[in-house]
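The exercises below ask you to follow how helices and sheets are put together in one protein chain. Please work through each task on the structure before reading its solution.

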Amino acid sequence: MTASTPTPLTSDDDWWRSAVVYQVYVRSFADSNGDGVGDLQGIRERLPYLRDLGVDALWLTPFYISPMVDGGYDVADYRDVDPMFGTLTDFDSMITDAHALGLRIIVDIVPNHTSSAHPWFVAALAAAPGSPERARYLFAEGRGGHGELPPNDWESIFGGPAWTRVPDGQWYLHLFDPAQPDLNWRHPEVRAEFEGVLRFWLDRGVDGFRIDVAHGMIKAEGLPDVGFNSMTGGRRQSELLGKGRLPYFDQDEVHEIYRAWRPILDSYPGGRMAVAEAWAETPQRLARYIGPDELHQAFSFDFLDATWSADSFRKVIDTALAEATIVGAPTTWVLSNHDKQRHVTRYGDGEVGLRRARAASLLMLALPGCAYLYQGEELGLPEVLDLPDELRQDPSFLRTGESRDGCRVPIPWSGELAPYGFGPAGSELSWLPAPATWAALSVAAQAGTPGSTLELYRAALRARRAHPALARDADGVTWLETTGPGVLAFRRTGGGAELTCVVNLSDAPVQIDGYGQPVVASAELTGQGTGHVLPVDAAAWFERR
Ligand code: NOJ
């Protein structure tokens, strides 16, 4: 192996309990060679920016060999880098540099399905029904007089049937695109293969894994019908994600897989961790993925889904904190990622959306636990809603009309003209076009500009690192009921200091007295003497030491 020796950063095995992790959507972060696509070398060149931003770790979306039908979540070789993104040597250089700067690296692992170009699936298609090659996937006979109907009523998350028929008449399951066949996780070779993949990247020094579709690997025995789907005029099955039970998600047996993975992670030094992208019916079922014998974290998508109201946020925060306490794991907050409309736009878009997004980010960063940021949120980027249809690449777009491309537009770094320094000097290419309005949102435009979103994030991350009341061993959340309806206020204490976060989700400015001095605010505070006025759609942290 030519990999760099893993560099233990610090001897802090529990780093993930309070980390701020920055999600890099590799294709859209920074393009080092001018082909219009982000790459590993581009990330490497921008590591100092991320260190200065003040994050602790990066999560890199898949950069493995892939036909890129689903942005790399269709993996053809789990142990190599797609030439579009660079080489394994680039990966080694990038992780070495990241570690030297004190940044940890989490990589994505995609175990629910492979690409249809994966050698296993190519072999399965070439082999006969009932063959060992087919046994690694979920092939089944169809229903109807001649097997002409799919084996059951399951619907792809991307729309349409979750089954595709092959020329010899059998069908195979794909919960996502037909180019993403689901693996059979009851097959020992599948389990052994992924344990090997984990070790491959752990040996190369990665600090953790983000597990794609972590709730999906085991399907209910007998592949029972759901009972409705949108192909026959009913609701889409995916509407039950996070709200109900489906025979292909969150089956109890999936936990055995993680109980086998945990000792592997624990056998490496330095606190190697895993975070689940899991959707479960209730926060209680979600919490079953985390704990000392399974995974370290599971994203709290309820937080991301909270609406702009004090009640909505308070409810999901309380529930997530309670569940995390029971299982002894940190809460895992997230407001945006590469699958969801950016939170600026979710909260109303334009100026209002940006104000609220900035406030929500301050709320998130004051909470105990780990927070995940999505690239570009530190610039206040909105969703790009008007991409021309012919440029959209999300496979769900053709099947459902819904597209996640608008949150995947390349990052604006500098300059007046698109793609705003995404590539090397003079490069005009970017795989998706950035809007003309993004010149003002670029890193260069915001760096050093008082009041910019970038400076807000930098200040908040600096304070989060330094403030004893936000430290990992600080006390949890104490809600303060004194500020009135529509206003969230909570206190954290630690190291003899006290920090109060106030978020004004009401429709009137709110007077703040007695919480001490402002540390950071998402909008300008007014007021005189010891009191302050927090405007509508704003948040601020106050401290007393
Ligand atoms: C979740 C990933 O975040 C998403 O981008 C992908 O399309 C699906 N899993 C399928 O892998």
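**Exercise 1. Establish which strands helix H11 lies across, and then describe the sheet to which they belong.**

Solution. Helix H11 (residues 350-366) lies across E15, strand E16 (497-504), E18 and E20, and runs at about 35° to E20; the angle, on a scale from 0 to 180 degrees between N-to-C directions, is taken between lines fitted to C-alpha atoms, for helices over the stretch in contact. Helices (H or I, at least four residues) and strands (E, at least two) are DSSP runs numbered from the N terminus. This is a predicted model, in which local features need pLDDT of at least 70 and side-chain atom pairs count only at pLDDT 80 or more, while totals for chains, interfaces and linings use all residues. Residues are numbered from 1 along each chain as its sequence is written, and side-chain values use heavy atoms, with hydrogens and water left out.

The next step is the sheet itself, an open one of 5 strands in the order E14-E15-E16-E20-E18, with antiparallel pairing, where two strands pair if DSSP finds at least two bridges between them. Its edge strands are E14 (478-479) and E18 (517-521), each of which pairs on one side only. E18 and strand E20 (residues 538-544) are joined in the antiparallel sense over 4 bridges, and within E20 the bridge partner of Val-520 is Trp-541. Helix H9 (residues 310-327) also packs on this sheet, touching E14 and strand E15 (487-494), and its direction makes about 35° with that of E15.

**Exercise 2. Check the span of H9 against the expected value, and find what covers its buried residues.**

Solution. The expected span of a helix is 1.5 Å times one less than its number of residues. For the 18 residues of H9 this gives 26 Å, and the end C-alpha atoms are 26 Å apart, which agrees. Buried residues (under 20% relative accessible area, with exposed over 50% and partly exposed in between, for a 1.4 Å probe and protein chains only) of H9 include Phe-313, Val-316, Ile-317, Ala-320, Leu-321 and Ala-324. An α-helix has 3.6 residues a turn, so residues three or four places apart point the same way. The cover over the buried residues of H9 includes helix H7 (283-287), helix H8 (301-305), E12, H11, E14 and E15, a contact being heavy atoms within 4.5 Å. After H9 comes Gly-328, whose phi is positive, near 70°.

**Exercise 3. Describe the sheet that contains E1, and identify the helices that pack on it.**

Solution. This open sheet has 8 strands in the order E11-E10-E9-E5-E2-E1-E13-E12, with parallel pairing. Strand E11 (297-298) and strand E12 (332-334) stand at the edges with a single partner strand each, so one side of each is left without a neighbour in the sheet. Strand E1 (residues 20-24) pairs with strand E13 (residues 370-374) in the parallel sense over 4 bridges, and Val-21 has Tyr-372 in E13 as its bridge partner. Helix H1 (residues 40-53) packs on the sheet and touches E1 and strand E2 (57-60), its direction making about 145° with that of E2, whereas helix H2 (residues 88-100) lies across E2 and strand E5 (104-109), at about 140° to E5.

**Exercise 4. Decide whether His-467 is buried or exposed, and list what it touches.**

Solution. His-467 lies in the loop between helix H14 (453-466) and E14. At 3% relative accessibility, His-467 counts as buried. Leaving aside residues up to four places away in sequence, His-467 touches Ala-497, Glu-498, Leu-499, Glu-543 and Arg-545.
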